[in-house]
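Welcome! Let us take a walk through this structure together, one region at a time.

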Amino acid sequence: MNELITSTATQLAEKLSTKEVSSEEVTQAHLDRIAEVDEEVHAFLHVNTEEALAVAREVDSLRAAGGDDAAALHPLAGVPIAIKDLIVTVGQPTTAGSRILEGWKSPYDATVIRKIRAAKLPMLGKTNLDEFAMGSSTEHSAFGPTRNPWDLDRIPGGSGGGSAAAVAAFEAPLALGTDTGGSIRQPGAVTGTVGVKPTYGAVSRYGAIAMASSLDQIGPVSRSILDAALLQELIGGHDPFDSTSLTDSFDNLAEAARNGSVDGVRIGIVKELGGEGFQAGVEARFRDAVELLRGAGAEIVEVSCPNFKYALGAYYLIMPSEVSSNLAKFDGVRYGLRVLPKDGPLTIERVMGATRAAGFGDEAKRRIILGTYALSAGYYDAYYGSAQKVRTLIQRDFDAAFEKADILISPTAPTTAFPLGEKLDDPLAMYLNDVATIPANLAGVPGLSLPGGLADEDGLPVGVQLLAPAREDARLYKVGAVLESLLEAQWGGPLLAKAPVLGTEKTGGVK
Amino acid sequence: MAEITRDDVAHLAQLARIEMSAEELDRMAGELAHIVDAVKSVSEVAGPDVPATSHPIALSNVFREDVVGHVLTPEEALSGAPDAEDSRFKVPAILDEE
């Protein structure tokens, strides 16, 4: 395979800065790869060929000219990136994976997109997702599922299955995701890639189409810990356009990733995130990872978070409640689809009813109705009110755990990638995929998933999750970098080198 | 099993402005009852002494200077609208004629 597409973003940045390759060559190599494999993977909903190449050429000419402009280029300038199609971009469609926004183009850029434009990363296109980021498999996309590059008959996780699959299939070295209950980390786990949900407020949400505003967070998707750190630094920082944006500085992440260490670090195994419901091969790889960290000098402790068992319930009340409110704006008036009722008077109310019936898929409807129920008079205190209290209890569990441990560790997802269609008709079974990732969103703490190896029973990737206290994102990178290098030393290279070959390079004997 | 009838779902769908077929209402009523059963355990631990959290990292008094920043032009704001006229969104009738 072409080395330009298997390199990490950090390696590409190095080759670009020494002019060993041009950004146009790198970008074209990824566009070629998309053309070659995306028919089977379906990670992209839109490919942004012309603009990506134009930005690449601009970086190349700035670099060729030298001087102050070349010196001022961002280290990642010229390294291409894919964008989850929940994030609005001028000049490219933004669909949120929904018919209701099919063909819509935003008149403004998200803050993270403004930063990516300023740093001159060519945007390769927009990646597939479950409709409005609602799902754990990308099967709820109105435009068809994405397929897992490790096994095209299996799910790539969700909601950000497109971003994770694009990075796993070497269609992009970097991608942006959004994580409301695990939508960056769980796809990372099942595709053998790295995904980070930063501290709530560390990255501006301005221009990420809101699913559940108190839980949503934009974050990096990559093939290495250092790449994720570089990308989080690029997209992070205070934004006056997002009133929940933190004013703290998060500029020590790449440094943490470059200086990985677990010497004397207390790592807490969360008792409640394992056991029943967790696949044997997932637990085995998780235990291996813990032993590697112990061997590297970490102190392993066990912590208990007794209220985590209520996290899924609280999440599936708070999130749909916020969904029912956030998705009220899709009314067939200001943007997107308008459908007229087949008969009867053409009042706005009936036009809205017909538009939303045709524009939203089953899962979006289910969550809107559930949220409307949870917020309705007579049920509010029992459901939404109780869920908000559980949120407090989960924060207290984290506080207590972080008294005993500097960082927590768990499997990212209870299973490896399951076959497409397996859980599509069972919403509750689908929701359980997020059992280990949801607590971080409820408490606002940062979480990172990195590849932990392959499960013995099915040969599919397993994810290991690290969780740190709010604002301590650097710890994730510092510990994650150690685990990554120990594991890659065992494997003799990155886990993705073991992934099956896709596209025309496919040869006989490869699954 | 939580009691969520087809009529309840029809009412919720009306509040949420989503037209639903008879078949959808039946299916949704079954699924909702199932989901609500799975999540209602939250009330077990939500005692009166536990304060509610609405926001993971509480911030207060987030203000900005009262100056006009970047705003969309009318053309930009209307660029995605299904129908527009004279720099305004055009909506169907607000009131039924009857």
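Helices (H or I, at least four residues) and strands (E, at least two) are DSSP runs, and both are numbered from the N terminus. This is a predicted model, in which local features need pLDDT of at least 70 and side-chain atom pairs count only at pLDDT 80 or more, while totals for chains, interfaces and linings use all residues. Residues are numbered from 1 along each chain as its sequence is written, and chains are lettered from A, with ligands numbered from 1, in the order in which they are written.

**Unusual backbone spots**

Most residues other than glycine have a negative phi, and most peptide bonds are trans. A good place to begin is with some exceptions. A:A96 sits in the loop between β2 and α6 (111–119) of chain A, and its phi is positive, about 55 degrees, although A:A96 is not a glycine. In chain B, the loop between β1 (84–85) and β2 (88–89) holds B:D86, where phi is again positive, near 50 degrees.

Are these two buried or exposed? A residue is called buried if 20 or more other C-beta atoms lie within 10 Å of its own, exposed if 12 or fewer, and partly exposed in between, with C-beta atoms placed from the backbone. A:A96 has 32 other C-beta atoms within 10 Å, so it is buried. B:D86 has 6 other C-beta atoms within 10 Å, so it is exposed.

One more exception concerns a peptide bond: the one from A:G158 to A:S159 is cis, with omega near 10 degrees. A:S159 belongs to the loop between β3 (123–127) and α7 of chain A.

**An enclosed helix**

That loop leads us to α7(A). Helix α7 (residues 161–168) of chain A is largely enclosed by the rest of the structure, because eight of its eight residues are buried. Among them are A:G161, A:S163 and A:V167. After α7(A) comes A:F170, with a positive phi near 60 degrees.

**The sheet of chain A**

Strands of a sheet pair through backbone hydrogen bonds, either parallel or antiparallel. Here, two strands are said to pair if DSSP finds at least two bridges between them. Chain A has an open sheet of eleven strands with mixed pairing, in the order β1-β3-β2-β4-β6-β5-β10-β11-β9-β7-β8. Its edge strands, each pairing on one side only, are β1 (44–47) and β8 (299–303) of chain A. On average, neighbouring strands of this sheet are turned by 25 degrees against each other, direction ignored.

The table follows some of the pairs.

| Strand pair | Sense | Bridges | Opposite residues |
|---|---|---|---|
| β2 (81–84) and β4 (174–178) of chain A | parallel | three bridges | A:I81 and A:L174 |
| β4(A) and β6 (218–222) of chain A | antiparallel | five bridges | A:L176 and A:P220 |
| β5 (194–197) of chain A and β6(A) | antiparallel | two bridges | A:V194 and A:S222 |

Strand β6(A) is mostly covered, with five of its five residues buried.

**Two helices side by side in chain A**

How do helices α9 (residues 225–235) and α18 (residues 473–491) of chain A cross? Their axes come within 9 Å and cross at roughly 160 degrees. Axes here are lines fitted to C-alpha atoms, for helices over the stretch in contact, and angles run from 0 to 180 degrees between N-to-C directions. Angles under 35 degrees count as roughly parallel, over 145 as roughly antiparallel, 65 to 115 as roughly perpendicular and the rest as oblique. α9(A) is therefore roughly antiparallel to α18(A).

Two residues are in contact if their C-beta atoms, placed from the backbone, lie within 7 Å. On the α9(A) side, A:I225, A:L226, A:A229 and A:Q232 meet A:D473, A:Y477, A:G480, A:A481 and A:E484 of α18(A).

**Where the chains meet**

Chain A has 60 residues in contact with 47 residues of chain B. The largest share of the side of chain A that touches chain B comes from α15(A), with eleven residues.

One helix pair spans the two chains: α12(A) packs against helix α2 (residues 22–39) of chain B at an angle of about 130 degrees, with their axes 8 Å apart. That angle makes α12(A) oblique to α2(B). In this contact, A:G313, A:Y316 and A:L317 of α12(A) face B:I35, B:A38 and B:V39 of α2(B).
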